[in-house]
Amino acid sequence: MSDSFRGSRPPGRPGCGPEPGSSRKLAIPAGCPSPEAALPKATILDLSCNKLTTLPSDFCGLTHLVKLDLSKNKLQQLPADFGRLVNLQHLDLLNNRLVTLPVSFAQLKNLKWLDLKDNPLDPVLAKVAGDCLDEKQCKQCANKVLQHMKAVQADQERERQRRLEVEREAEKKREAKQRAKEAQERELRKREKAEEKERRRKEYDALKAAKREQEKKPKKEANQAPKSKSGSRPRKPPPRKHTRSWAVLKLLLLLLLFGVAGGLVACRVTELQQQPLCTSVNTIYDNAVQGLRRHEILQWVLQTDSQQ
């Protein structure tokens, strides 16, 4: 297959006729899956004036291309991997609808000629590209655009690195936070285990102390029992209330009894018993003795005396 290819152009379109000196037109064979499969070794490709709006995804597989003409189409953008066409030296993008170029454009290190006229380019890119009205300007356009795209690529790479750095820092912070959280949880579990161990130790000590007290109690009672039987003193009776009053009362009663007894003895034993007074006294005495014997007070007094 020839290493050059010229795409079909609608007949009669101004500016889209065959270039002078062109040898022939080649069409992609029917049934070919892709341009790369149809033209694997193509070095020159002319697709101008074909109303193309996009290029197929595998178009950039034509890595042997040296000259590519995509002028006078309706392309709005180039494939993102357009930079794979590393052998490209001549690129015509005249009269399309391009606004920007893919960042991979900076990889076209062999590009020597470029035409970007009649495209609604971004103002910065349009200023860099220039007019391209002759061969010299088109070569300058290729050089300046390559330098510009390399700067754009470097800026994007720095931005990507910055984002990666930010993401790494964020990831480090997340990891540090997670480690701190895990350490805090471990410390909490450790403290809980220590508290639980201390609680069980205290319970065990309390049980041991209670058991020792239970063991000491019978021994103490056993030791105190013989002592209380052998060496303990008898308890003193509680002091009686009104002891002084009872003593005075008993003294008066005794004096009375002695006086009465003396009078009775005199009236009963001596010669005075025949006297009228003694006769009355003896009668009263006899009656009083009989009454007192029957009275409960005498019995209570006699019982109290016996207890004392």
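**Fold, surface patch and cysteines**

Six helices and five strands make up the secondary structure of the protein chain in this predicted model. Going along the sequence, the order is β-α-β-β-β-β-α-α-α-α-α. Of the 308 residues in the protein chain, 22% are buried. As for how the chain packs against itself, take the contacts between residues at least 6 apart in sequence: 36% of these join residues at least 24 apart. The accessible surface adds up to about 23000 Å², and carbon and sulfur atoms account for 56% of that.

Part of the surface is worth a look in its own right. V248, L251, L252, L254, L255, L257 and F258 together make a nonpolar patch of about 730 Å². One of these residues, L254, sits in helix α4, which runs over residues 243-269. L254 has a relative accessibility of 43%, so it counts as partly exposed, given that the partly exposed class lies between 20% and 50%.

Turning to the cysteines, the model has one disulfide. The bond links C132 and C138, with 1.9 Å between their sulfur atoms. The angle about the S-S bond is 105°, making the link of C132 and C138 right-handed, and both of these cysteines are buried.

C141 has C132 as the partner with the closest cysteine sulfur, but the two sulfurs are 5.3 Å apart, which is too far for a bond; the cut-off for a disulfide is 2.5 Å. C141 is nonetheless buried, at a relative accessible area of 1%. C60 is buried too, with a relative accessible area of 0%.

Definitions and conventions: Residues are numbered from 1 along each chain as its sequence is written. This is a predicted model: local features need pLDDT of at least 70, side-chain atom pairs count only at pLDDT 80 or more; totals for chains, interfaces and linings use all residues. Side-chain values use heavy atoms; hydrogens and water are left out. Helices (H or I, at least four residues) and strands (E, at least two) are DSSP runs, numbered from the N terminus. Buried means under 20% relative accessible area, exposed over 50%, partly exposed in between (1.4 Å probe, protein chains only). Contact means heavy atoms within 4.5 Å. Accessible areas come from the Shrake-Rupley method with a 1.4 Å probe; for residues, only the protein chains shown count as cover. Patches are made of residues with over 30% relative accessible area and no salt bridge: like charges are joined within 9 Å, nonpolar side chains (Val, Leu, Ile, Met, Phe, Trp, Tyr) within 5 Å. A salt bridge is a side-chain nitrogen of Lys or Arg within 4 Å of a carboxyl oxygen of Asp or Glu.
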